[in-house]
Structures are given as structure tokens and as C-alpha cells.
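Biologist: I would like a close look at a single part of this model. Please take me through the place where the two chains meet, and then through what lies around that place.

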Amino acid sequence: MTEMSTRASERLRLLRSRYMEQVPQKVAQIEEAWKNIQGSSMTRESLVSLSRMAHSIAGSGATFGFPLLSEKARRLELCIDEIIEEGAVLSDDHKARMNMLLDDLKNVRADAVPL
Amino acid sequence: MAKMQLTKILLIDDEPDIQEVVRIALEAVGGYTVETAGSGDEALKKVSGFAPQLILLDVMMPGTDGPTLLLELRKNPQTKDTPVVFMTAKVQPHEVARYKELGAVDVVAKPLDPMTLSHTINTLWSRCHD
């Protein structure tokens with residue numbers, strides 16, 4: 001490995017470590033946003049915002065060596081997008097699926113192991 | 001005629017984490033000079049000063065998304081012919097075909113592999129200039 005790629009690997013390792021530290025907060029923010037959506041008047045905008053939060057983890061997790069985190073976040077994102085496409089109305093089925101997918105995401109966060 | 005060397009890349013992605021990873025991947029591994037922008041507005045302001053030779057463009061961004069920004073870049077005299085490569089997790093064949101119809105030269109799938117991204121970009125650049 002060249003010196004340049006060795007330095008790059010070290011920088012990526014540090015970046016990955018920092019990302020790992022930030023994931024619990026990102027997931028907690030999603031959880032809080034979801035709680036607010038259920039508790040107050042839900043709007044399309046609040047769901048779009050929630051979708052973007054899930055999309056952020058879905059897009060970055062695997063890049064930092066956490067593919068399962070990306071997968072679980074992607075499933076959550078797709079569920080939210082489905083709710084938006086169906087007119088931003090929360091059915092009991094939607095709520096149950098969202099809660100299940102959010103639990104999946106939280107559990108992955110606890111067990112995240114980098115490649 | 002000697003092939004033009006790729007040295008300057010503009011990365012447009014709203015995720016700071018992705019910006020950092022891609023910057024390391026392209027600068028430290030590939031030796032490129034990278035400028036980043038977190039939005040379409042920021043990108044359009046930076047292109048005249050930086051004059052990128054290639055643009056890496058995220059598809060899903062708040063506000064102006066990637067495909068819409070590509071159309072704006074094509075209207076800008078400084079970037080109308082600059083190769084644009086989309087970065088996205090949405091890489092089904094019909095989606096890739098749509099991106100190319102819009103004018104992207106190719107698509108890089110997310111999640112990205114930081115250690116091979118430079119090689120991928122270099123290959124795309126060579127293909128554009130063969």
C-alpha cells in the first residue's frame with residue numbers, strides 16, 4: 001500500500017469512528033421526529049423531513065462500513081415514502097410497520113460492527 | 001494528441017459525511033483537487049471560480065435535486081459540456097437509463113467504496129475522452 005493510501009485509510013478510519021459516535025444521535029432524532037408526527041398534526045412536510053433523515057443514514061451507513069444500518073434505514077425510508085405517496089395519512093398498519101422498522105434500526109445501531 | 005488529464009472535480013452532495021469521505025477518496029487516494037457544494041445554489045456559485053472538469057452529483061438533495069440541477073448546469077455556459085456523474089443508491093436499469101437520458105455520462109452507486117472511487121472516476125474520465 002502506498003504512503004498516500006495508508007494516510008487515506010487512517011483518515012477514513014477516523015471518519016468511520018466519528019460516524020459511529022454520531023449514529024445513536026441520528027437515530028434518536030428520527031425517533032423523536034416520529035413521536036412528534038404521531039403526537040401532533042401530521043403534515044406532508046414533516047414526513048418528507050423524516051424520510052430525509054432516514055435517507056441520510058441509508059445513504060451513508062454502508063459507505064462507512066455499516067451495510068446493515070443502511071439496509072434498515074432504507075426500509076424505514078421506503079415505508080415513510082409509501083405513507084407520503086398514499087396521501088400522508090397514518091393507518092394503524094402504517095404505525096405498526098413504522099414502529100417495527102424503527103426498532104430494527106435501533107437494534108442495528110446497538111450492534112453495529114464495522115467491516 | 002495527449003489525453004487531457006483530470007485534476008479538478010466538483011462534488012455536489014448535501015451530506016457532510018459523504019462530502020468528507022469522497023474528498024478523502026479523491027484527494028488522498030486519487031490525487032485530484034476537490035471542491036464541494038452542499039446544494040444546487042452553492043454549486044452554481046462555485047463553478048465559475050473553480051471550473052471543474054468533472055462533476056459528481058448526488059441525486060436526492062433537499063430543494064433542487066440532482067436531475068433538476070443537471071438541467072441548470074447544462075444551461076450554464078461554463079458547465080454545459082462538463083461531464084456529470086450521478087451518485088445514488090437508486091441504480092435500477094430503468095433509473096440509470098433515465099439519468100443518462102438527462103445527460104449524465106454515468107452513475108456511481110451508493111454506498112461508495114472510498115478506496116476504489118478514484119479508479120472508477122479515472123475509468124469514466126478515460127471513457128469520456130477516448
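Modeller: What follows starts with the contact between the chains and then moves outward. Keep in mind that this is a predicted model.

Start with the residue counts. On one side, 19 residues of chain B are in contact. They touch 21 residues of chain A. Next comes area. The size of an interface is often given as the accessible area lost when the parts come together. Here, the area buried between chain B and chain A is about 1800 Å². Carbon and sulfur atoms give 62% of that area. Which three residues supply more of chain B's buried area than any other three? They are B:Asp17, B:Ile24 and B:Met60. Together they supply 30% of the area that chain B buries against chain A.

Now look at charge. Side chains of opposite charge can pair when their charged atoms come close. Between chain B and chain A the count is 3 salt bridges. One of them joins B:Asp14 to A:Arg52. Their closest N and O atoms are 2.6 Å apart. Polar contacts are counted too, with both residues at pLDDT 80 or more: 5 residue pairs between chain B and chain A. What kinds of residue make up the side of chain B that touches chain A? There are 13 nonpolar residues and 6 charged ones, and no polar ones.

Step back into chain B. Its 5 strands form an open sheet, and the pairing is parallel. The strand order is 2-1-3-4-5. At the edges are strand 2 (33-37) and strand 5 (106-109), each pairing on one side only. From one strand to the next, the twist averages 25 degrees. Strand 4 (residues 84-88) runs parallel to strand 5 of chain B, and 4 bridges join the two. In strand 5, B:Asp106 stands opposite B:Val85.

A helix lies over part of this sheet. Helix 1 (residues 16-29) of chain B crosses strand 1 (8-12), strand 2 and strand 3 (54-58). The helix runs at about 165 degrees to strand 2 of chain B.

Turn to chain A. Over all chains, the structure holds 18 salt bridges. One example joins A:Glu10 and A:Arg13, at 2.9 Å from N to O. Both residues lie in helix 1 (residues 3-39) of chain A. They are 3 residues apart, about one turn of the helix.

Finish with the backbone. Most residues other than glycine have a negative phi, and most peptide bonds are trans. Two places are worth a look here. A cis peptide bond joins B:Lys110 and B:Pro111, with omega about 5 degrees. B:Pro111 sits in the loop between strand 5 and helix 5 (117-128) of chain B. A:Ala88 is not a glycine, yet its phi is positive, about 55 degrees. The loop between helix 3 (67-85) and helix 4 (92-111) of chain A holds A:Ala88.

Conventions. Residues are numbered from 1 along each chain as its sequence is written. Chains are lettered from A and ligands numbered from 1 in the order in which they are written. This is a predicted model: local features need pLDDT of at least 70, side-chain atom pairs count only at pLDDT 80 or more; totals for chains, interfaces and linings use all residues. Side-chain values use heavy atoms; hydrogens and water are left out. Contact means heavy atoms within 4.5 Å. Buried area is the accessible area (1.4 Å probe) that two parts lose on being put together, summed over both. A salt bridge is a side-chain nitrogen of Lys or Arg within 4 Å of a carboxyl oxygen of Asp or Glu. A polar contact is a pair of N or O atoms within 3.5 Å; within protein, one must be able to donate a hydrogen and the other to accept it, and residues adjacent in sequence count only if both atoms are side-chain atoms. Ala, Val, Leu, Ile, Met, Phe, Trp, Tyr, Cys and Pro count as nonpolar, Asp, Glu, Lys and Arg as charged, and the others, Gly among them, as polar. Two strands pair if DSSP finds at least two bridges between them. Axes are lines fitted to C-alpha atoms, for helices over the stretch in contact, and angles run from 0 to 180 degrees between N-to-C directions.
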